[in-house]
Amino acid sequence: MNSKEQWGTKIGLVLAMAGNAIGLGNFLRFPVQAIQNGGGAFIIPYFVCFLLIGVPLLWVEWSMGRVGSKNQQHNMPSILQLFTKYRWVKYFGVFSIFTNIVVAAYYTYIESWTLGYCFFSITQKFQGYSLESVQNYFEEFKKWYHYEGVTFWIITCFLNVYILSKGIEKGIEAAAKWLMPMLILFSICLAIFALSFQEGDFGALHAGIVGLDYLWTPDFTGIWQPKVWLAAAGQIFFTLALGMGTIQCYASYMKKEEDIALGAMASGWLNEFVEVVLGASIMIPICVGFLGLEKVNEWVQLGGMGLSFKVLPFLFSQWGVILGTLAGVMWFGALFFAGITSSLAMGLPLTSFMSDFYGWSQKKGAYLFGALLVALGIPCIFSPVILDEFDFWAGSFSLVLFAVIEIVLFSWVWGIEKGWAEINENAKIRIPLIFKFIIHWVTPIFLILIFLANLPGLFQKLLEETTVEKLVARIIMMIVFFVCLFFIYKAKTHED
Amino acid sequence: MKIEALILMLIINGITVFFTLKFLWKVIEEEQ
């Protein structure tokens with residue numbers, strides 16, 4: 001990519017960063033996590049994790065990116081290298097490239113379902129379908145031989161490649177400036193509807209507010225259970241897109257004199273707004289209102305995907321042509337906008353790396369990203385087991401590991417004094433001094449504890465029976481990992 | 001709606017909306 005490229009406006013950068021963070025999990029994962037972990041009481045560990053992990057890591061990752069920007073480096077291996085004299089540290093940058101390629105492969109596939117269902121809402125495909133037929137259709141839609149599913153997946157990959165090939169300002173920023181306001185507008189409209197319908201309206205069993213009560217009623221009995229805290233920390237990781245290297249990559253294209261303290265807070269809190277205020281007020285209130293508490297209790301155990309794709313299309317089809325179409329387009333449209341603004345961010349670490357080290361143009365880098373989306377997406381379409389394996393190793397384990405590496409590098413190897421000065425440089429807001437202590441001690445210890453707490457699950461995963469599909473997934477990931485490592489080895493860092 | 005759920009929701013949503021608007025407003029101000 002042209003190293004002169006940068007964000008056109010501050011609001012564009014904040015919206016793109018928020019778009020990176022706001023994803024399908026804000027609408028589908030958060031409400032289900034909250035219900036499964038104590039309802040309103042879950043919000044307490046969730047916000048503690050936001051303050052002790054989320055906010056500090058946002059500042060650290062934005063700072064690392066701006067350090068990269070000052071040195072005209074936009075790729076993770078070189079950015080890491082700027083924080084230490086040890087040249088081998090650049091190899092940790094492999095996690096950023098590897099994670100984003102693998103996660104993007106299955107993420108764009110799931111994203112394509114939202115695009116497909118948005119289209120089906122317009123064509124009123126599910127008019128006259130029973131709940132069971134809608135469920136069966138979704139299972140078929142996901143199959144590799146289903147032409148509609150595959151078509152929407154190809155369109156989604158193409159859209160990602162097209163926007164990415166346009167570069168930072170004309171591609172990612174322009175998309176974020178259009179899509180983020182639309183996402184928020186659609187979500188607000190749906191939330192207002194979900195909280196305002198009354199018992200009997202459109203055949204509702206309860207008022208929408210009953211679902212809100214169901215989600216927010218606190219159960220403080222389990223609040224000290226480690227599993228609740230792990231779930232809260234995990235949700236913070238996913239929702240803020242931490243430990244992926246995408247934030248550093250985006251931040252490395254900002255102006256050198258740009259303020260990061262404010263930018264990080266604006267994008268971080270905007271993500272929280274979409275997740276806690278809007279994400280909690282749509283899917284669950286609608287489902288509880290129209291299906292009743294007992295059925296939703298059963299469905300929640302299957303996760304947010306089931307409610308979104310197997311239940312909501314049926315409910316929308318019951319609301320009549322105009323309202324049903326509007327609700328479907330807004331819901332799946334908002335999900336698609338949330339998804340694509342995140343998957344675009346996953347493409348940038350690869351294109352920036354190829355541009356910095358191999359002189360590739362943004363277009364060429366975007367084509368490579370597209371080719372990898374297709375190559376790695378095909379196994380996910382063929383087997384949900386492969387998708388789950390990708391999600392576990394690249395989408396969960398790798399994030400925490402890389403977050404531990406970056407926080408130790410930033411606050412211990414580089415030094416908290418330098419780090420704190422970097423965070424506060426040109427800051428337009430005053431950061432409480434307590435965060436210096438948190439970044440130095442609390443966040444690294446907290447992250448190491450989370451990493452250790454995840455180890456039993458990791459060993460269990462390794463010890464459980466290895467099927468052919470799992471083996472294939474692991475071989476694919478190892479190939480991607482070592483090819484990325486080889487490219488970093490062949491590349492010259494700025495130190496060289 | 002149960003009173004404890006309502007209070008908790010209003011506090012958390014209030015804090016979230018307040019900080020979101022505060023920081024976004026400052027970004028827009030800076031931009032101008």
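The following exchange concerns a predicted model and takes up one helix and one surface patch of chain A.

Me: What are the ipTM of the model and the mean pLDDT of chain B?

Reply: The model is predicted, and its scores are ipTM 0.98 and pTM 0.96. In chain B, 100% of the residues reach a pLDDT of 70 or more. The values asked for are an ipTM of 0.98 and a mean pLDDT of 95.

Me: How far apart are the end C-alpha atoms of helix H17 of chain A?

Reply: Helix H17 of chain A covers residues 321-358, which makes 38 residues. At 1.5 Å a residue, a span of 56 Å is expected. The separation in the model agrees with this, at 53 Å.

Me: Where in H17(A) does a kink lie?

Reply: The helix contains the proline Pro349(A), and the kink comes shortly before that residue. The bend amounts to about 25 degrees, and its position is Leu348(A).

Me: Is H17(A) largely enclosed or largely open?

Reply: Buried means under 20% relative accessible area. Of the 38 residues of H17(A), 31 are buried, so the helix is largely enclosed.

Me: Which helix gives the most to the nonpolar surface patch?

Reply: The patch has an area of about 880 Å², and its members include Trp412(A), Val413(A) and Phe437(A). Helices H19 (384-413) and H21 (434-463) of chain A each supply at least two of its residues. With seven residues, the helix that gives the most is H21(A).

Me: Is Val413(A) buried, partly exposed or exposed?

Reply: Val413(A) lies in helix H19 of chain A. Partly exposed residues fall between 20% and 50% relative accessible area. Val413(A) has a relative accessibility of 44%, so it counts as partly exposed.

Notes:
Residues numbered from 1 in each chain as written. Chains lettered and ligands numbered in written order. Predicted model: local features only at pLDDT ≥ 70, side-chain atom pairs only at ≥ 80, totals over all residues. Heavy atoms only, no water. pLDDT = per-residue confidence, 0-100. Helix = DSSP H or I, 4+ residues; strand = E, 2+ residues; numbered from the N terminus. Expected span 1.5 Å × (residues − 1). Bend = angle between axes of the 7 residues up to and from the residue. Buried < 20%, exposed > 50% of the residue type's maximum accessible area, 1.4 Å probe, protein only. Patch = residues over 30% accessible without salt bridge, like charges linked within 9 Å, V, L, I, M, F, W, Y side chains within 5 Å. Areas by Shrake-Rupley, 256 points an atom, 1.4 Å probe, with all protein chains shown as cover. Salt bridge = Lys/Arg side-chain N within 4 Å of Asp/Glu carboxyl O.
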